[in-house]
Amino acid sequence: MKNDKMKNQYRINEQIRVREVRIVGDSGSTVVPTREALDMARDQGVDLVEISPNANPPVCRLIDYSKFLYQQKKRQKEMKAKQVKVEVKEIRFGPQTDEHDYQFKLKHAKEFLEDGNKVRAYVFFRGRSILFKEQGEVLLLRFANDLEEYGKVEGMPSLEGKKMFLYLAPKKAGAQKKSQQARDREAAEADAKETSHQSQLKEIDVDTPANGGLLANAKISADALKKLTETEAED
């Protein structure tokens, strides 16, 4: 059925009843009388296929019609495969979600946004928990802030019945920028790591002779291992 529909989409050969057509090919294009174009197609053993009927004059190609239909079908399939299907993923919270559960759902939300999907996060208020709607709003705002690098908020938290919703859309690939908060956190972690490294170097040299640092370290390690072994034996 689909092939029949595609076949009827184009006029070929004697179905083309205009005075002249523009022939396009690898070497360029040229305008010729339709009768001459039909003779050219016949001499080459191919078809005259009208690919742009609304142009002036209509645009045609000299090509085997079956091959042309195959190329069109393949092109449509490739275009369909390239189309990104955006899905909406849901993340559900309670008004008093614990930290472990929050981090677990935050991780999934990051993955959803990185895959190009939208995220609909909501807090469900069961029974009298509706009294904690402010707490639910704070939770969703924190959620949006923690996902700042991955998605953009499409609207502030809104209460609909017993659910408070927050919508996030993925940021375009390659356009994600780290927030100032994230940059500051990374800088602080780097400083802490460097400070720890320097402290370890100082501890190695404490109370050790200038030329006996390695021997002293070996003795310390041996003593520590002996003490650990003795402790395990006592247990």
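How many aromatic pairs does the structure hold? The structure holds seven of them, where rings of Phe, Tyr and Trp (its six-membered ring) are paired if their centres lie within 6.5 Å, and where planes under 30 degrees apart count as stacked, over 60 as edge-to-face and the rest as tilted. This is a predicted model, in which local features need pLDDT of at least 70 and side-chain atom pairs count only at pLDDT 80 or more, while totals for chains, interfaces and linings use all residues. Residues are numbered from 1 along each chain as its sequence is written, and side-chain values use heavy atoms, with hydrogens and water left out.

One of these pairs is formed by Y102 and F143, which meet edge-to-face with 6.1 Å from centre to centre and 75 degrees between the planes. The pair links distant parts of the chain, since Y102 belongs to helix 4 and F143 to helix 5, 41 residues apart; helices (H or I, at least four residues) and strands (E, at least two) are DSSP runs, numbered from the N terminus. With a relative accessible area of 2%, Y102 is buried, and F143, at 0% relative accessibility, counts as buried too; here buried means under 20% relative accessible area, exposed over 50%, and partly exposed in between (1.4 Å probe, protein chains only). The ring of Y102 has a further partner, for the charged end of R142 sits over it at 3.9 Å from its centre, a term that requires CZ of Arg or NZ of Lys within 6 Å of the ring centre and within 35 degrees of the ring normal. In the same sense, K163 lies over the face of Y122, at 4.9 Å from the ring centre.

Helix 4 itself, residues 99-114, has 16 residues that should span 22 Å at 1.5 Å a residue, and its end C-alpha atoms are indeed 22 Å apart; the expected span is 1.5 Å times one less than the number of residues. Its buried residues are Y102, K105, L106, A109, F112 and L113. They cover an arc of only 120 degrees around the axis, which puts them on the same side of helix 4, the arc being that of the directions from the helix axis to the C-beta atoms. The buried residues pack against strand 5 (88-93), strand 6 (118-124), helix 5 (133-146), strand 7 (151-160) and strand 8 (163-170), with contact meaning heavy atoms within 4.5 Å. On the other side of helix 4, H100, K107 and E114 are exposed. Just after helix 4, G116 takes a positive phi of about 90 degrees.

Helix 2 (residues 34-44) can be read in a similar way. The buried residues of helix 2 are T34, A37, L38 and A41, and because they fall within an arc of 100 degrees when seen down the axis, they line one face of the helix. What covers them includes strand 1, strand 2 (28-33), strand 3 and strand 4. Helix 2 is followed by G45, whose phi is positive, near 70 degrees.

Two loops deserve a look at the backbone. Most residues other than glycine have a negative phi, and most peptide bonds are trans. N13, however, has a positive phi of about 50 degrees although it is not a glycine, and its place is in the loop between helix 1 (2-7) and strand 1 (20-25). The peptide bond from N56 to P57 is cis, with omega near -5 degrees, and P57 lies in the loop between strand 3 (47-52) and strand 4 (59-63).
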